[in-house]
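Visitor: I should like to take a close look at one part of this structure, namely its aromatic residues and how their rings are arranged. Please explain that part step by step, and then place it beside other buried parts.

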Amino acid sequence: MVHKTLHKSWYSRTSCPMHRDRSGKCYHDSHEKGLQGQILGALYGTMPGRILLRPLVSPFFSKLGGYLLSTRLSSFAVGPFVKANHIDLTGCEKQSFDSYNDFFTRKLRLDMRPVDLSPDAWVSPCDARLTVYPITMRGQFSIKHTQYTVESLLKNKKLAERYLGGTLWLYRLCVDDYHRYIYPVDAEKSCNVTIPGIFHTVNPIANDHYPIYKENTREYCLLRTESAGTVLMMEVGAMLVGKIENHPSDRYVKRGQEKGNFAFGGSTIVVMTQRDRVIPEKQFVENTKEGLETKVRLGEKVGRIRS
């Protein structure tokens with residue numbers, strides 16, 4: 001009965017999103033309710049709001065917001081945000097910041113996010129709320145009742161066929177998460193492919209009205225591995241994330257190596273694994289079926305590479 005109640009509250013447009021931690025305890029995503037939730041609800045849930053939304057999701061608006069949040073004046077917003085979201089800065093390489101974006105892209109000390117290096121461990125590339133979705137043999141998958149196809153996500157029919165029957169791992173980063181991300185596996189890396197788009201918020205309410213993951217700007221690469229097949233890793237920009245900042249890399253990359261970071265705003269990393277290559281841990285599958293995300297941390301084991 002409790003699970004049914006949680007499931008209904010997740011999809012209610014007047015309620016606050018919820019997630020579970022690894023121990024199974026449920027939490028309200030408090031930063032996504034209140035004033036922020038009311039504003040997004042009005043923008044995405046009403047006709048006047050959707051008219052007003054059009055310029056707000058444009059690349060120009062995101063770049064303008066990113067510029068303002070990179071000015072020294074924006075640093076005055078850091079203290080109130082840290083206090084309101086109970087963010088602990090003691091594990092960061094520095095505790096004072098030149099701008100809000102300097103704070104947002106802050107770097108943690110290496111010991112704060114140990115990476116599981118067990119041979120069969122499939123690790124999370126970032127701090128996020130994770131859901132996992134089976135990709136049908138037709139290349140379809142469903143996120144919160146919104147239907148997608150791998151082909152529409154990648155704009156590449158031949159590449160999409162590689163992931164038929166596989167798994168899509170959706171890592172949704174919120175504004176209070178650590179916004180740097182790593183390679184989840186040792187691999188030979190392809191060049192990055194950029195797909196231009198717009199910048200919807202990745203708050204779940206937006207997905208009720210728009211197929212955001214095939215409309216937003218995104219960038220992906222292929223990771224060719226010996227044990228996990230060819231892994232696709234995609235970064236998806238979101239409202240006020242005008243720039244996905246991937247680092248230059250050599251041809252070969254290592255598990256735990258930093259891949260890049262997002263600028264201000266919520267954002268998403270999508271990972272696709274091929275059929276029967278990587279097995280998600282049971283709790284992620286069960287929580288996703290209930291409409292619940294699971295909070296994970298960069299470097300921790302979330303699945304098993306099938307030998």
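Guide: The answer below begins with the aromatic rings, then turns to a helix and ends with the nonpolar cores. Please keep in mind that the model is predicted.

A pair of aromatic rings is described by two quantities, the distance of the centres and the angle of the planes. Under the rule applied here, the count is seven aromatic pairs. In one of them, the ring centres of F81 and Y100 are 5.7 Å apart and the planes stand at 80°; because planes over 60 degrees apart count as edge-to-face, this pair belongs to that class. The two partners come from distant parts of the chain: F81 is in helix α5 (residues 78-84) and Y100 is in helix α6 (residues 100-104), with their positions 19 residues apart in the numbering. Both F81 and Y100 are buried.

F81 also forms an aromatic pair with F103. Here the distance is 5.9 Å centre to centre and the angle between the planes is 70°, which again is edge-to-face. Since F81 lies in helix α5 and F103 in helix α6, this pair ties together parts that are 22 residues apart in sequence. Residues with under 20% relative accessible area count as buried. F81 has a relative accessible area of 16%, so F81 is buried. F103, with a value of 0%, is therefore buried as well. Together with F97, the residues F81, Y100 and F103 make up one aromatic cluster.

Helix α11 (residues 282-289) offers another view of burial. Its buried residues are F284, N287 and T288. Seen down the axis of α11, these residues fall within an arc of 100°, and so they line one face of the helix. The face turned away from this buried side carries the exposed residues K282 and K289. On the buried side, the residues of α11 pack against β1 (18-20), β4, β18 (293-296) and β19. Just after α11, G291 takes a positive phi of about 85°.

Finally, there are the nonpolar cores. The largest has 27 residues, and those with the most contacts inside this core are W122, W169, Y171, L223 and I269. Among the elements that give two or more residues to this core are β4 (128-134), β7 (167-173) and β19 (301-305). A second, separate core has 21 residues, including L154, L159, A160 and Y163. Strands β4 and β19 thus appear twice in this account: they contribute to the largest core, and the buried residues of α11 pack against them.

Notes. Residues are numbered from 1 along each chain as its sequence is written. This is a predicted model: local features need pLDDT of at least 70, side-chain atom pairs count only at pLDDT 80 or more; totals for chains, interfaces and linings use all residues. Side-chain values use heavy atoms; hydrogens and water are left out. A nonpolar core is a set of buried Ala, Val, Leu, Ile, Met, Phe, Trp, Tyr and Cys residues joined through side-chain atoms within 4.5 Å. Buried means under 20% relative accessible area, exposed over 50%, partly exposed in between (1.4 Å probe, protein chains only). Helices (H or I, at least four residues) and strands (E, at least two) are DSSP runs, numbered from the N terminus. Rings of Phe, Tyr and Trp (its six-membered ring) pair if their centres lie within 6.5 Å; planes under 30 degrees apart count as stacked, over 60 as edge-to-face and the rest as tilted. The arc is that of the directions from the helix axis to the C-beta atoms. Contact means heavy atoms within 4.5 Å.
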